[in-house]
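Visitor: I am new to this structure, and I would like a close look at a single part of it. Could you take me through the sheet, slowly and with the terms explained?

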Amino acid sequence: MGKIIAIANQKGGVGKTTSAINLAASLAALEYKTLVVDADPQANSTSGLGFNPKEIENSIYECMVDEIEVKETIVKTDTNYLFLLPSHIDLVGAEIEMVSLESREKRMREALYPIKDEYDFIIIDCSPSLGLITINALTAANSVIIPVQCEYYALEGLGKLLNTIKIIQSRLNPNLEIEGILLTMYDVRLRLSNQVVEEVNNHFQQMVFKTLIPRNIKLSESPSFGLPAIVHDAESKGATSYLNLAREILEKNGITI
């Protein structure tokens, strides 16, 4: 199967990394072998899964720029069925270093291709930009999840991202699909949150996941323990929401749980 899902939005603070870690951990909890690819120079997925980015010797950067084999770079996390292709700060220079490389938009796809079928799911945590690294992620992916926070300016920049996806589909990856729009940081007590949910559902309809990700303290604090929320507190609202999202994605893809 080996489905590759990128989690992308050029806006920062919309829940990309939280979604990447916790969706991947939820799929792993359901016993689907899952790899998280940290494609963000901030390396928050790397630290959020319990690894110190400063101690990482090889990362997605070396795989894309120096063509080191991905297999030599992947590390196993403390969670069963969950693996990580880490990042570190050097990735920030990759955009410039790859400009002169051949097939620069396809370096991530070429790196991941040999190991794609060894995993049930590969989740790519994109950086908050529409630069060359994100273009690589969208070119490598089968589908993309777009997290949107339930706050003011929620839809700002979404048109630009959808336009970028159309360009990728027409020029680099005709099979790229939109897996869905994921509403994050939902607070049922706030009228604004409910207004955003209504507005996004009215505008994008079937593209929006039914699962809402709440604003939740366990989701916020679990990275400080280097753990996904489902390991930190499996009964928290945040953990159960991402488990529901994993089940919704499996159902959408016709996979029996």
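Guide: Leucine 35 makes a good starting point, and its place is in strand E2, residues 34–39; strands (E, at least two residues) and helices (H or I, at least four) are DSSP runs, numbered from the N terminus. This is a predicted model, in which local features need pLDDT of at least 70 and side-chain atom pairs count only at pLDDT 80 or more, while totals for chains, interfaces and linings use all residues. Residues are numbered from 1 along each chain as its sequence is written, and side-chain values use heavy atoms, with hydrogens and water left out.

Leucine 35 counts as buried because its relative accessibility is 0%, where buried means under 20% relative accessible area, exposed over 50% and partly exposed in between, with a 1.4 Å probe and protein chains only. Setting aside residues up to four places away in sequence, leucine 35 touches Ile74, Phe83, Leu84, Leu85, Ile115, Tyr119, Phe121, Ile122 and Ile123, a contact being heavy atoms within 4.5 Å.

The strand that holds leucine 35 belongs to a wider arrangement. Seven strands form an open sheet with mixed pairing, in the order E3-E4-E2-E5-E1-E6-E7. E3 (75–76) and E7 stand at the edges, each with a single partner strand, so one side of each is left without a neighbour in the sheet. Two strands are said to pair if DSSP finds at least two bridges between them. Strands of a sheet pair through backbone hydrogen bonds, either parallel or antiparallel.

Beginning at the E3 edge, E3 and E4 pair in the antiparallel sense over two bridges, with lysine 76 standing opposite phenylalanine 83 in E4. These two strands form a hairpin with five residues between them, and in the turn tyrosine 81 has a positive phi of about 70°. In a regular strand the side chains alternate between the two faces of the sheet. Along E4 (residues 82–85), Leu82 and Leu84 point one way, Phe83 and Leu85 point the other way, and all are buried. E4 also pairs with E2, in the parallel sense and over four bridges, and threonine 34 has leucine 82 in E4 as its bridge partner.

At the other edge, strand E6 (residues 143–149) is joined to E7 by seven bridges, and the two run parallel. Isoleucine 145, for instance, has glycine 180 in E7 as its bridge partner. Helix H7 (residues 158–171) lies across E6 and E7, running at about 175° to E6; axes here are lines fitted to C-alpha atoms, for helices over the stretch in contact, and angles run from 0 to 180 degrees between N-to-C directions. Helix H11 (residues 237–252) packs on the sheet as well, touching strand E1 (3–7), strand E5 (121–126), E6 and E7, and its direction makes about 160° with that of E7.

Within E7, which spans residues 177–184, we find threonine 184, and this threonine counts as buried because its relative accessibility is 2%. A polar atom of the side chain of threonine 184 lies 2.7 Å from the backbone oxygen of valine 14. Leaving out residues up to four places away in sequence, threonine 184 touches Val14, Ser19, Pro147, Val148, Gln149, Cys150 and Ile213.

Notes: Polar contact = N/O pair within 3.5 Å; in protein donor to acceptor, adjacent residues only side chain to side chain.
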